[in-house]
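Hi,

Here is the structure I promised to pass on. Have a look at it first, and then read my notes underneath.

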Amino acid sequence: PHTGRLALYLLGLRATCPTTKPHRSLVTWLKYYLEEDWTGSRRHGHPLTSYYQYGLGVLALCAHHKRVREEVIRRLLTAQHQGRLRHSGNAVDTEAMVALAFICLERRRLVGTELAAELRAAAHRASRSLAAVQGPDGIVGNIYSTPWALQVFRATGVCQTEPVFDQAMITLVENLDAFGTTATMAQVLPVLHGRSYLDIASMHCQEEPDTLTPLDMEPLAEVPGNKTVQLVVECPLPWCYELRLYDRSVPVPASASLLDVLQAAAALEPHDFKFHIQDTPQGPFLTQVLGLEARQEKRNYWQLLTAPNIPLQMGIADYRPQDEETLILRLSEW
């Protein structure tokens, strides 16, 4: 099911204050996808897509002031209560998105009084949980997850009572260069303007000025010279018997990204080094290296690290390694 993609499209339509209402069939399709998505739980114990996309779908329906069946809402409440959200692919994103959906439903009065109280309590539990995993550097989860956590902090009033909000905001402003794609900009811009996705539901479009103007984006300047990056591929048990599968020095231009390094390695050794990526709204996502595929149903993914063991806070197309840096691609479990 295209739950998340359609949900984002509907949120975007609502946020741009269209002169005509979105076609009713789009909302009907999203309701259908939410039901289709849940059929996956009978086999896998979770939606066919993810709890993140499922929560995003509920939030999009709420933003369009559409009621959601109580059973659909309670599926998310039960998942949060049983701790399933914390074991998803990206726990911070998932917990934050589900919390935003809960707050929206409660604020828009799209549920009964008793359920509204449950949703309010669940959102505050999520806010405390997100605050508890904030690192000493102010980041919650990773740099891309931090805007979602900040949206929840703002919505639950944490920004007025806790230092976690200020710490996260400072870190976010210091790392704005990480948000280089349209999707990541959409995550961070509301927070920088003191808003959240919840504000989409309460916009008064007649008061919105038409201030959208295109910007001429200048390409990144080329850095002269070359650099050498040590590329390592690791596959621990139970997937592989040998931990280190690849360890080579790869020469690349000085301005090369991690994606450029992978492409250079494939050009140097086309028979020994192969990889595959999947295009996503957040940019290219690494799905397969040396024939080993990361799959959601296997609950594994390709983790990106810089030696000795520091997770990267950017994607493969955005991260630009330093000369003589060692980059590690590690098949990991979530």
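Below is what I found, going from the whole chain to a few details.

First, a heads-up: this is a predicted model. The protein has 334 residues, and 46% of them count as buried. Its secondary structure comes to twelve helices and eight strands. If you take the contacts with a separation of 6 or more, 63% of them are between residues 24 or more positions apart. On the outside, about 18100 Å² is exposed, with carbon and sulfur atoms supplying 52% of that area.

Now for the inside. The largest nonpolar core has 71 residues, and Leu105 and Phe153 are the ones with the most contacts inside it. Helix H6 (residues 91-107) gives the most to this core, namely eleven residues. If you want a place to zoom in, try Leu105: leaving aside residues up to four places away in sequence, it touches Val58, Cys62, Val68, Ile73, Leu110, Val111 and Leu119. There is also a second, separate core of 28 residues, and Leu262, Phe273, Leu286 and Leu304 are among them.

The other thing to look at is strand S8 (residues 326-333), which is mostly covered, with six of its eight residues buried. Which strands pair with S8? One is S1 (residues 226-234), which runs parallel to S8 and is joined to it over five bridges; here Val232 has Ile328 of S8 as its bridge partner. Another is S6 (residues 300-306), paired with S8 in the antiparallel sense over seven bridges. Look for Gln303, which stands opposite Arg330 in S8.

Cheers

How values were computed. Residues numbered from 1 in each chain as written. Predicted model: local features only at pLDDT ≥ 70, side-chain atom pairs only at ≥ 80, totals over all residues. Heavy atoms only, no water. Helix = DSSP H or I, 4+ residues; strand = E, 2+ residues; numbered from the N terminus. Buried < 20%, exposed > 50% of the residue type's maximum accessible area, 1.4 Å probe, protein only. Contact = heavy atoms within 4.5 Å. Areas by Shrake-Rupley, 256 points an atom, 1.4 Å probe, with all protein chains shown as cover. Core = buried A, V, L, I, M, F, W, Y, C linked by side-chain atoms within 4.5 Å. Pairing = 2+ DSSP bridges.
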